[in-house]
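The exercises below ask you to work through one chain step by step, with a task sentence first and a worked solution after it. Please try each task before reading on.

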Amino acid sequence: ELDAKRRKLEEEEKAKQQADEAKQAKDRAENCTRAKAYQRTLNDGIRISRTNSQGEREILDDAGRADEMRRTLDAIKDNCQ
C-alpha cells in the first residue's frame, strides 16, 4: 500500500512537471512569434511610439530604435531555440 501511494505521488509529480514544461514551451513559442513580428516592424522603419512616465507619447529616435532592436534580438535568442 505504501509503494502504491508513493508511485501515485511520483506519477502525479511527473505529470505536473510535464504540464509545466509544456506551458513553458508554449509561452516561449508565443514570445518568439511576437519578438520576430516586432523585429520586422523595427526593420521596416515604421515609426514606433511609447508612453513616458508623464503619460506623454514619445517617438523613438535612432538610439531608441537601436535599443529596442537589441532587446528584441535578445528575446529572439532566448525564446526561439
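A residue counts as buried when its relative accessible area is under 20%, as exposed when that area is over 50%, and as partly exposed in between. The model treated here is a predicted one.

**Exercise 1. Overall form**

Task: Describe the secondary structure of the protein chain, and state how its radius of gyration compares with that of a compact globule of 81 residues.

Solution. Begin with the elements: the protein chain has two helices and two strands, and read from the N terminus their order is α-β-β-α. Next take the extent of the chain, whose C-alpha atoms fill a box of roughly 70 × 30 × 15 Å along the principal axes. Then turn to the radius of gyration, which is 21 Å for the protein chain, whereas a compact globule of 81 residues would have a value near 12 Å. Finally, consider burial: 16% of the 81 residues count as buried.

**Exercise 2. A charged patch and its members**

Task: Identify the residues that form the negative surface patch, and classify E10 and E13 as buried, partly exposed or exposed.

Solution. The patch consists of E10, E11, E12 and E13. For the first classification, E10 is placed in helix 1, and because its relative accessibility is 46%, E10 counts as partly exposed. For the second, E13 also lies in helix 1, which spans residues 2–44, and with a relative accessibility of 60%, E13 counts as exposed. As a last step, relate E10 to a position further along the chain: K23 is 13 residues away in sequence, and the C-alpha atoms of E10 and K23 are separated by 20 Å.

**Exercise 3. Salt bridges within helix 1**

Task: State how many salt bridges the structure holds, and analyse the pair formed by D3 and R6 as well as the pair formed by D27 and K23.

Solution. The count for the structure is four salt bridges. As a general background to such contacts, side chains of opposite charge can pair when their charged atoms come close.

Take D3 and R6 to begin with: the closest N and O atoms of this salt bridge are 2.2 Å apart, which satisfies the cut-off of 4 Å between a side-chain nitrogen of Lys or Arg and a carboxyl oxygen of Asp or Glu. The sequence spacing fits the helix, because D3 and R6 are three residues apart in helix 1 and are therefore separated by about one helical turn. Both partners are partly exposed, D3 with a relative accessibility of 40% and R6 with one of 48%.

Continue with D27 and K23, whose side chains meet in a salt bridge with an N to O distance of 3.0 Å. These two residues also belong to helix 1, where they are four residues apart, or about one turn of the helix. D27 counts as partly exposed, because its relative accessibility is 30%.

**Exercise 4. A salt bridge in helix 2**

Task: Analyse the salt bridge between E68 and R71, and decide whether each partner is buried, partly exposed or exposed.

Solution. The closest N and O atoms of E68 and R71 lie 2.6 Å apart. Both residues are in helix 2, which covers residues 62–79, and because they are three residues apart there, about one helical turn separates them. The partners fall into separate classes of accessibility: E68, at 12%, counts as buried, while R71, at 42%, counts as partly exposed. The pair also belongs to a network, in which salt bridges that share partners join R50, E68 and R71.

**Exercise 5. Sequence separation and distance in space**

Task: Give the C-alpha to C-alpha distance for R6 and R57 and for R34 and I46, and classify R34 by its accessibility.

Solution. For R6 and R57, a separation of 51 residues in sequence goes with 58 Å in space. For R34 and I46, the separation is twelve residues in sequence and 16 Å in space. To complete the task, place R34 in helix 1 and note that R34 counts as exposed, because its relative accessibility is 52%.

Terms used
Residues numbered from 1 in each chain as written. Predicted model: local features only at pLDDT ≥ 70, side-chain atom pairs only at ≥ 80, totals over all residues. Heavy atoms only, no water. Patch = residues over 30% accessible without salt bridge, like charges linked within 9 Å, V, L, I, M, F, W, Y side chains within 5 Å. Areas by Shrake-Rupley, 256 points an atom, 1.4 Å probe, with all protein chains shown as cover. Lys, Arg positive; Asp, Glu negative; His and termini not counted. Charge placed at Lys NZ, Arg CZ, Asp CG, Glu CD. Buried < 20%, exposed > 50% of the residue type's maximum accessible area, 1.4 Å probe, protein only. Rg over C-alpha atoms; globule rule 2.2 N^0.38 Å.
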